[in-house]
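Got the model loaded? Let's go through it as a quick round of questions and answers.

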Amino acid sequence: MTRFLHTSDWQLGMTRHYLSKRGDDDPQARFTADRIETVRRLGEVARQEECDFVVVAGDVFETQNVSAQIIARSCEAMASIGLPVYLLPGNHDSLEPGCLWDGTEFTRRCPDNVCVLRDRSEVDVTDANGSVIAKIVAAPLTTRHPSTDPLAELATSLEPTQTPRILVGHGQLEGLSGDTREALISRAPLDDATARGALTYVALGDRHIAWPVGDDHAAIRYSGTQETTSFNEDTVGTAVVVDLDDPLTCKTIKVGTWLHARVSQEVAGEADLEALRDRFNSFDHRDRTIIRYDLHGQLTISQKAELDEIIADHETVFASLEPSENRHDLTVVEDDASLADADLPSWVRDAAEELSAMCATNEDAVSALTLLHRLVNAKNPSTRAAEVTR
């Protein structure tokens with residue numbers, strides 16, 4: 001039985017604008033380092049699962065211009081896998097003139113166990129005894145924006161074989177994207193090639209979410225990225241262990257440590273605010289969790305002050321915590337009840353009344369009055385209020 005690990009879309013060197021440095025913490029630096037560290041974890045998984053080799057179905061690097069440091073550390077991580085590793089150039093790192101694959105930094109550091117699938121020639125995968133255990137045919141991308149199906153002609157040309165054969169490609173399979181213009185790879189030639197024994201497995205990349213779900217015998221598959229990359233991905237990164245036996249069997253394994261997550265919630269009072277706090281607290285590994293939240297409903301200014309405290313309290317522990325730009329539509333209404341009984345100087349009360357009158361038409365007034373509520377509810381309210389008005 002031949003077994004291998006299918007992975008894709010490492011996009012090493014990826015940056016995200018919302019991972020900005022805050023104080024002593026640099027989430028972007030940790031995110032960059034962990035994407036490479038997960039390559040080492042893939043090696044651990046491959047060895048634990050007794051895989052014979054590893055296939056990376058495109059987008060190994062984020063761009064052609066990643067730093068020398070990223071290339072060097074990535075090559076060391078690939079070397080640590082300790083098994084043959086086959087890399088397919090994808091659209092992010094396409095095999096074009098001046099590409100990183102031909103650059104001095106990669107060519108001098110490329111480990112002996114790594115093979116770049118540079119053309120459509122069939123590659124024999126051998127075991128320790130030199131026996132051929134699988135064949136790989138690949139369609140490396142030669143441009144970032146291909147306009148034709150990279151796999152159809154290749155799949156059609158293949159003859160039946162007794163040795164397991166893997167086709168490696170990169171692009172969107174028809175029927176999976178809502179925008180049909182993004183679909184690049186036709187399903188029919190792949191189905192035909194597997195049905196007539198010319199292909200055993202099709203290892204695809206470009207889709208960052210593992211597919212299909214719940215079918216352990218599907219011969220056409222996306223592994224998903226090894227570490228989450230966007231809020232469209234509702235789980236940590238994955239890879240697929242593939243047994244090229246009869247019947248073919250696949251197992252999707254979670255390997256990532258980072259999570260992008262959306263938090264959407266109605267908030268209209270104290271109970272909802274407490275539920276939101278509990279929701280934030282429910283996430284594990286918050287230093288590697290990126291939250292984008294959208295809240296709906298109506299809060300008084302004093303309740304909004306409490307919400308701001310919840311957000312501020314959790315911003316220090318999450319890698320990123322920010323509102324959605326186009327989904328967050330919380331409404332705040334004036335309410336100075338909590339100031340009525342507070343021991344405040346008269347000039348602070350006058351300022352609060354003036355801000356209250358402006359709240360209906362001025363978001364800055366709402367923010368200022370909300371901050372005043374937070375300070376009044378903190379220790380030494382008179383002192384804190386004085387600080388705000390300086």
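Q: Is Arg 108 buried or exposed?
A: Buried means under 20% relative accessible area, exposed means over 50%, and partly exposed is in between, using a 1.4 Å probe and protein chains only. Arg 108 has a relative accessible area of 53%, so the label is exposed.

Q: Before going on, what kind of model is this?
A: Residues are numbered from 1 along each chain as its sequence is written, and side-chain values use heavy atoms, with hydrogens and water left out. Local features need pLDDT of at least 70, side-chain atom pairs count only at pLDDT 80 or more, and totals for chains, interfaces and linings use all residues, since the model is predicted.

Q: Which helix holds Arg 108?
A: Helices here are DSSP runs of H or I with at least four residues, strands are runs of E with at least two, and both are numbered from the N terminus. Arg 108 falls within residues 104-109, and that run is helix α3.

Q: How far apart are the C-alpha atoms of Arg 108 and Ala 72?
A: Along the chain, Arg 108 and Ala 72 are 36 residues apart. In space, their C-alpha atoms are separated by 9.5 Å.

Q: Is Ser 320 buried or exposed?
A: Ser 320 sits in strand β17, residues 320-323. Its relative accessibility is 4%, so Ser 320 counts as buried.

Q: Which residue's backbone oxygen does the side chain of Ser 320 reach?
A: Take contact as heavy atoms within 4.5 Å. Leaving aside neighbours within four places in sequence, Ser 320 is in contact with residues including Leu 19, Arg 22, Thr 289 and Ile 291. At 3.2 Å, the side chain of Ser 320 reaches the backbone oxygen of Tyr 18.

Q: Which strands stand at the edges of the open sheet β14-β15-β17?
A: Two strands pair if DSSP finds at least two bridges between them. The order in this three-strand sheet is β14-β15-β17, with parallel pairing. Two of the strands have a single partner each, so one side of each is left without a neighbour in the sheet: β14 (259-266) and β17.

Q: How many bridges join strand β15 to β17?
A: β15 covers residues 289-296 and runs parallel to β17. One facing pair is Ile 291 opposite Leu 321 in β17. The number of bridges joining the two strands is four.

Q: At what angle does helix α6 run to β14?
A: Axes are lines fitted to C-alpha atoms, for helices over the stretch in contact, and angles run from 0 to 180 degrees between N-to-C directions. Helix α6 (residues 270-281) lies across β14, β15 and β17. Its angle to β14 is about 170 degrees.

Q: Around the axis of α6, what arc do the buried residues cover?
A: The buried residues in α6 are Leu 273, Leu 276 and Phe 280. The arc is that of the directions from the helix axis to the C-beta atoms. They lie on the same side of α6, because they cover an arc of only 55 degrees.

Q: What is the order of strands in the six-strand open sheet?
A: The pairing in this sheet is mixed. One pair is β1 (residues 3-7) with β2 (residues 53-56), parallel over four bridges, and there Leu 5 stands opposite Val 54 in β2. The full order is β4-β3-β2-β1-β12-β13.

Q: What share of the residues of the chain count as buried?
A: The chain comes to eleven helices and 18 strands. Of its 390 residues, the buried share is 49%.

How values were computed: A polar contact is a pair of N or O atoms within 3.5 Å; within protein, one must be able to donate a hydrogen and the other to accept it, and residues adjacent in sequence count only if both atoms are side-chain atoms.
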